[in-house]
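Colleague: I would like to go through this model with you. Please set each value against its definition.

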Amino acid sequence: MGSHAEVDSSSTPESRWSLEGTTALVTGGTKGIGHAIVEELARFGAAVHTCSRNEAELNKCMHEWEKKGFRVTGSVCDVTSPSDRQKLITSTVSSLFDGKLNILINNVGTNKIKPTTEYKAEDFSLIMSTNFESAYHLSQLSHPLLKASSAGSIVFISSTCGVVSINVGSIYSATKGAMNQLTKNLACEWAKDNIRTNCVAPSFTTTSLAEPISCSWHVAACVVVFY
Ligand SMILES: NC(=O)c1ccc[n+]([C@@H]2O[C@H](COP(=O)([O-])OP(=O)(O)OC[C@H]3O[C@@H](n4cnc5c(N)ncnc54)[C@H](OP(=O)(O)O)[C@@H]3O)[C@@H](O)[C@H]2O)c1
């Protein structure tokens, strides 16, 4: 027998990889990076649920996904609300996917660019709850479902700003730094439950969130942390 497996060079990525039979939750899937993740997972055969705050936009996306033949459902959820988060996981996702979830993508994020001395308490609380508290709580709530799948995976969408300073947006950067550390903690703590935890840290990507800050963004590297 040869030392490495033979790969059929005529095969496509879709025919070599499959997520058929798996389930995924992507937060904030109606725009930007989350939208692209929903489509990629669905293209590989996963049944995907996504959420955002805007029902009309969710319905528009689901209509387009249906036309493409993707299995995607959606519900309104403001991830800054603890009761919305609870309902999303313990009611909606749990009943849709029979109490099992393979993939949780903590994607929702927001930012407000100001010098540190000008941030108000409400800026701190909005950015912290949207970017970090929501991802932390959704991971906690999803733990029983991820464990029940016997092959769970959490992916946090972080940022290069969580690794280096870009000189603005100190609250945003702190949320992403916290997320990077949480990735390491959960990767170690939940490995015994067959749950992998990874963090992807994109650099500048043209989306609605990135547009207002494009002129002040100088970091070119993309960091991916795998555990
Ligand atoms: N774009 C970049 O350059 C860049 C770089 C590094 C990291 N990232 C990270 O990548 C992730 C996605 O960013 P993006 O640029 O794709 O953002 P985006 O285009 O603004 O999309 C954000 C998505 O999240 C939803 N959302 C926002 N706040 C929400 C809330 N409180 N509850 C529920 N849904 C909410 C939005 O829908 P609604 O507004 O309708 O709720 C939308 O679907 C973020 O974590 C961001 O920090 C982005």
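Colleague: How do you know that the span of helix 2 agrees with its twelve residues?

Modeller: The expected span is 1.5 Å times one less than the number of residues. For the twelve residues of helix 2 that gives 16 Å, and the end C-alpha atoms are 17 Å apart, so the two agree. A helix here is a DSSP run of H or I with at least four residues, a strand a run of E with at least two, both numbered from the N terminus.

Colleague: What is the basis for these values?

Modeller: This is a predicted model, where local features need pLDDT of at least 70, side-chain atom pairs count only at pLDDT 80 or more, and totals for chains, interfaces and linings use all residues. Residues are numbered from 1 along each chain as its sequence is written, and side-chain values use heavy atoms, with hydrogens and water left out.

Colleague: Why is Glu 39 called buried?

Modeller: Buried means under 20% relative accessible area, exposed over 50%, partly exposed in between, with a 1.4 Å probe and protein chains only. Glu 39 has 11% relative accessibility, so Glu 39 counts as buried. Glu 39 lies in helix 2, residues 32-43.

Colleague: What makes the pairing of Glu 39 and Trp 65 a polar contact?

Modeller: The term needs a pair of N or O atoms within 3.5 Å; within protein, one must be able to donate a hydrogen and the other to accept it, and residues adjacent in sequence count only if both atoms are side-chain atoms. The side chains of Glu 39 and Trp 65 are joined at 2.9 Å. Those of Glu 39 and Lys 68 are joined at 3.0 Å.

Colleague: Which residues does Glu 39 touch, leaving out those up to four places away in sequence?

Modeller: Trp 65, Lys 68 and Phe 70. Contact means heavy atoms within 4.5 Å.

Colleague: Which other residues of helix 2 are buried?

Modeller: Among them are Gly 34, His 35, Ile 37 and Val 38. The buried residues of helix 2 pack against several elements, including strand 1 (23-27), helix 3 (55-67) and strand 5 (152-157).

Colleague: What follows helix 2?

Modeller: Gly 45, with a positive phi near 105 degrees.

Colleague: How many helices and strands does the protein chain have?

Modeller: Six helices and seven strands. Along the sequence the pattern is α-β-α-β-α-β-α-β-α-β-α-β-β.

Colleague: What share of the protein chain is buried?

Modeller: Buried residues make up 46% of the 227 residues.
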